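Colleague: Could you take me through one part of this protein, slowly and in plain words?

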Amino acid sequence: MKNYSIWQNSINNLKKKRIDENMVVDILIVGGGITGISTLVNLINSKYKTILIEKNKCGSGTTSRSTAKITYLQGDTYINIRKTLGNKIALEYLNSQVLAVNLLKDLIIKNKIDCDLEKVDAYLFTLEEENLEKLEEEYKFFKDNNLEIEKITDVMFDKNVKMALKIKDSYVFNPIKYINYWVDKYRDYIYENSKLEGFRKVNGYYECIVNGKIIKTKYLVMASHYPYFLIPLGLPFKNYIETSYIGVKKSTNKKSSAISIDKPCISIRYYNNNLIYLNNSLKSANIKDINKNFDYFKNNFDYIWSNNDLITNDYLPFIGGIEDNLFLATGYNTWGMTNGVLAGYIIKDLILEKQNKYEELFNPTRGLNLHKLGRVFTDLYSNIKAFTKSNKNNVNNKSVINKTIKGKKVLIYKDNNKEYIVLNRCPHLKCGIVFNETERVWECLCHGSRFTLDGKCINGPSNFDITFK
Ligand SMILES: Cc1cc2nc3c(=O)[nH]c(=O)nc-3n(C[C@H](O)[C@H](O)[C@H](O)COP(=O)(O)OP(=O)(O)OC[C@H]3O[C@@H](n4cnc5c(N)ncnc54)[C@H](O)[C@@H]3O)c2cc1C
């Protein structure tokens, strides 16, 4: 069994440039996932000199661990938005997702990108009697707004389905093959193994420290998933991190994808005679035993992995400017294939000073959603609980030893003959670290940072390592 995502086999190994000298550019994009690449694709032919930096390999972040459905049938998102922000906003969001599905599909077809794009029927379903009403509401929302949707009961993938909704114009693809196409095409503008370490504003320009060198840029686009330094924007109060568990096993392909509105959530799609199955999504801060969450996949599955995404307080992403010429795109509520593409399209317009009708809807500086204030406190409570628990020296795994060396709290993991020692503090907000034995990574459950066995940061919000020297 492989303890990484099925897409990770596709991450290309071409040697790319890395930042090793000072540079002056017009636009610097930070992050080579679906968001950063989409932004580059949109801006590369503008009058501005644009480059993209990626601290690891392009596509190796959240994008490589996604289920990669391209759809506007997104769980119970619309009814959640409608309930708190009204039909107009919910419809605007739906229209934005329909647009994004088309933008992405057209780009793939127009450029003949070999990324296994497949048109599928998308289903939204429930296994629970008590969720039928919710599903009816979703149906009504689509119908009220004149969108094609079918109500069905004979869904082939699970005999226990109580009811399902079906739309036709959805797609699935291999997100890394998609990213590889652009990385290859624009390789002169892409720098891998190049990490943004910090930045400051000087005379209207951003001076960014990357691999110890300075990149001076007029526009800075943070496409790094969870931008660690944006605490002043109140980001941790406007979202929480959700972790989902995924397995892949052999199965004949079906031209369909599906997601339930139940808890635990189930999500299904197919790829090359494999079933990609997501069986649970949890608020990261509430996870009790990280390794137990993989139990479901212990038999018959060829790949297993987990992935994190930001769930925003009002179910709308954060895309846009946060101060002069500084842009942000994150908070996709697990729908980043559409929203990442949309981010490229919106940020391009903002930089080129064109109007974009979604600028206001996704404005990242919008306030907290007052209808959801209760959730802000619940999320805060979970995070405080996770922080306190993680700092109580409780080790989640018997192969991990907790020690203090040279006055520093460390965790030691022994693997055959090798010993790995890491600091037991997430550099982000000082939570304790737990060991994810299945994927063999260290994790911070407060906000989802991940580190390799020897402590190198793989995923933010932390931008720093937990290596012990
Ligand atoms: C379980 C799960 C399933 C999902 N399934 C779907 C789906 O079916 N359909 C869908 O639409 N969405 C899905 N999503 C959501 C989607 O995967 C994400 O929203 C999307 O991949 C985020 O892309 P990104 O480019 O913003 O972030 P990432 O892919 O994480 O890219 C950010 C990049 O920035 C780099 N970086 C970070 N810090 C720095 C730095 N300081 N300097 C340089 N580089 C840096 C990282 O290395 C990374 O490569 C799913 C999410 C989850 C959790």
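Which residues does Leu124 touch, not counting residues up to four places away in sequence?

Modeller: Sure, two bits of bookkeeping to begin with. Residues are numbered from 1 along each chain as its sequence is written. The model is predicted, so local features need pLDDT of at least 70 and side-chain atom pairs pLDDT 80 or more, while totals for chains, interfaces and linings use all residues.

Now, Leu124 touches Leu73, Gly75, Leu135, Glu138, Ala164, Leu165, Ile259 and Ile261 (contact means C-beta atoms, placed from the backbone, within 7 Å). Leu124 is also among the residues with the most contacts inside the largest nonpolar core, which has 118 residues. Such a core is a set of buried Ala, Val, Leu, Ile, Met, Phe, Trp, Tyr and Cys residues joined through C-beta atoms within 7 Å, and buried means 20 or more other C-beta atoms within 10 Å of a residue's own.

Follow Glu138 next, as it also helps helix 4 meet helix 2. Helix 2 (residues 77-85) and helix 4 (residues 132-144) pack with their axes 9 Å apart, at about 80 degrees (helices are DSSP runs of H or I, at least four residues, numbered from the N terminus; axes are lines fitted to C-alpha atoms over the stretch in contact, with angles from 0 to 180 degrees between N-to-C directions). The two helices are therefore roughly perpendicular, a label for 65 to 115 degrees. Helix 2 brings Tyr78, Ile79 and Arg82, and helix 4 brings Lys134, Glu137, Glu138 and Phe141. By class, that contact has three nonpolar, no polar and four charged residues.

Definitions and conventions. Buried ≥ 20, exposed ≤ 12 C-beta atoms within 10 Å, placed from the backbone. Contact = placed C-beta atoms within 7 Å. Parallel < 35°, antiparallel > 145°, perpendicular 65-115°, else oblique. Nonpolar A, V, L, I, M, F, W, Y, C, P; charged D, E, K, R; others polar.
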